[in-house]
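Visitor: Hey, got a minute to go through a model with me? I'd like to talk about charged pairs and a helix.
Guide: Sure, pull it up and ask away.

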Amino acid sequence: MGTGVERDRLLGLVADYVLEHGIAELTLRRLGAAIGTNNRMLLYYFGSKEQLVEQSLMAASARFPLFAAAMRGLDDPGPLQERLERCWAGIAAAENHPFHRLFFEVYGVALHQPGRFDGFLARVGHDWVNLLAAQLRAEGVPDPEAARLGREIVALWRGLQFDLLSTGDAEGVAATHSAAAATFAERCARVAQPAS
């Protein structure tokens with residue numbers, strides 16, 4: 001696959017396109033015409049339509065700095081509940097909604113058409129869970145409880161992202177998250193073992 005300035009330029013244009021139009025009716029021919037290239041060049045630079053969509057989703061995520069930085073909030077000092085709240089505030093920021101819409105569209109297609117976006121499914125199924133589990137272990141939560149709690153928190157976030165997009169009730173969703181974050185922090189404190 002080709003690399004370099006032209007590939008990066010095309011990837012930026014593809015990210016623009018999918019953020020605005022989604023992927024439901026995406027064809028390489030239509031995409032190429034819209035961004036001033038052709039389907040052969042897209043295949044040359046990205047290998048397949050699926051690889052192009054996955055890479056454009058990652059490129060698009062970089063345009064939403066609050067979303068990209070959200071998980072780094074776990075490393076900040078302070079009580080776990082407050083750190084979970086900061087993470088959620090970064091995830092749920094209104095400016096991230098275009099990315100969330102694209103994310104859920106790709107996620108839905110990936111689930112409905114096995115084999116198309118397996119790399120994407122593997123990443124979204126594990127990356128955040130692993131980050132959260134590692135943070136909880138660092139705070140003394142033993143495995144397998146750290147892994148279970150990490151998965152539960154990510155499931156909560158995914159559900160609340162969807163709720164936020166479908167209802168637009170940012171205040172209600174934030175209140176739900178606050179209550180859940182308090183419960184997660186209490187559960188973690190109950191099972192945490194002191195550092196040796």
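Visitor: Let's start with D76: is it buried, partly exposed or exposed?
Guide: This is a predicted model, so take it as such. In it, D76 has a relative accessible area of 33%, which makes it partly exposed.

Visitor: And which residue does D76 form a salt bridge with?
Guide: With R86; the closest N and O atoms of that pair are 3.5 Å apart. D76 sits in the loop between α5 (65-70) and α6 (80-92), while R86 is in helix α6, so the salt bridge ties together parts 10 residues apart in sequence. R86 is partly exposed too, at a relative accessible area of 35%.

Visitor: How many salt bridges does the count come to?
Guide: The count comes to 10.

Visitor: OK, what does R9 pair with?
Guide: R9 makes a salt bridge with E6, and their closest N and O atoms are 2.9 Å apart. Both belong to helix α1 (residues 5-21), with their positions 3 residues apart, or about one turn of the helix.

Visitor: How accessible are R9 and E6?
Guide: R9 has 39% relative accessibility, so it counts as partly exposed. E6 is partly exposed as well, with a relative accessible area of 30%.

Visitor: What about R116, where's its partner?
Guide: R116 forms a salt bridge with E50, with the closest N and O atoms 2.9 Å apart. R116 lies in the loop between α7 (97-112) and α8 (118-138) and E50 in helix α4 (residues 49-61), so that pair ties together parts 66 residues apart in sequence. At 23% relative accessibility, R116 is partly exposed; the cut-off for buried is under 20%.

Visitor: Which residues are linked in a network of salt bridges?
Guide: That would be E145, R148, E152 and R187.

Visitor: Switching topic to α4: how far apart are its end C-alpha atoms, and what span should it have?
Guide: They are 18 Å apart. At 1.5 Å a residue, its 13 residues should span 18 Å, so the two values agree.

Visitor: Which residues in α4 are buried?
Guide: L52, V53, E54, S56, L57, A60 and S61.

Visitor: And what covers those buried residues?
Guide: Several helices do: the cover includes α1, α2 (28-35), α3 (39-46), α5, α7 and α8.

Visitor: Nice. So α4 has a covered side of the story and a salt bridge as well?
Guide: Right: its buried residues have those helices among their cover, and E50 of α4 pairs with R116.

Key:
Residues are numbered from 1 along each chain as its sequence is written. This is a predicted model: local features need pLDDT of at least 70, side-chain atom pairs count only at pLDDT 80 or more; totals for chains, interfaces and linings use all residues. Side-chain values use heavy atoms; hydrogens and water are left out. A salt bridge is a side-chain nitrogen of Lys or Arg within 4 Å of a carboxyl oxygen of Asp or Glu. Helices (H or I, at least four residues) and strands (E, at least two) are DSSP runs, numbered from the N terminus. Buried means under 20% relative accessible area, exposed over 50%, partly exposed in between (1.4 Å probe, protein chains only). The expected span of a helix is 1.5 Å times one less than its number of residues. Contact means heavy atoms within 4.5 Å.
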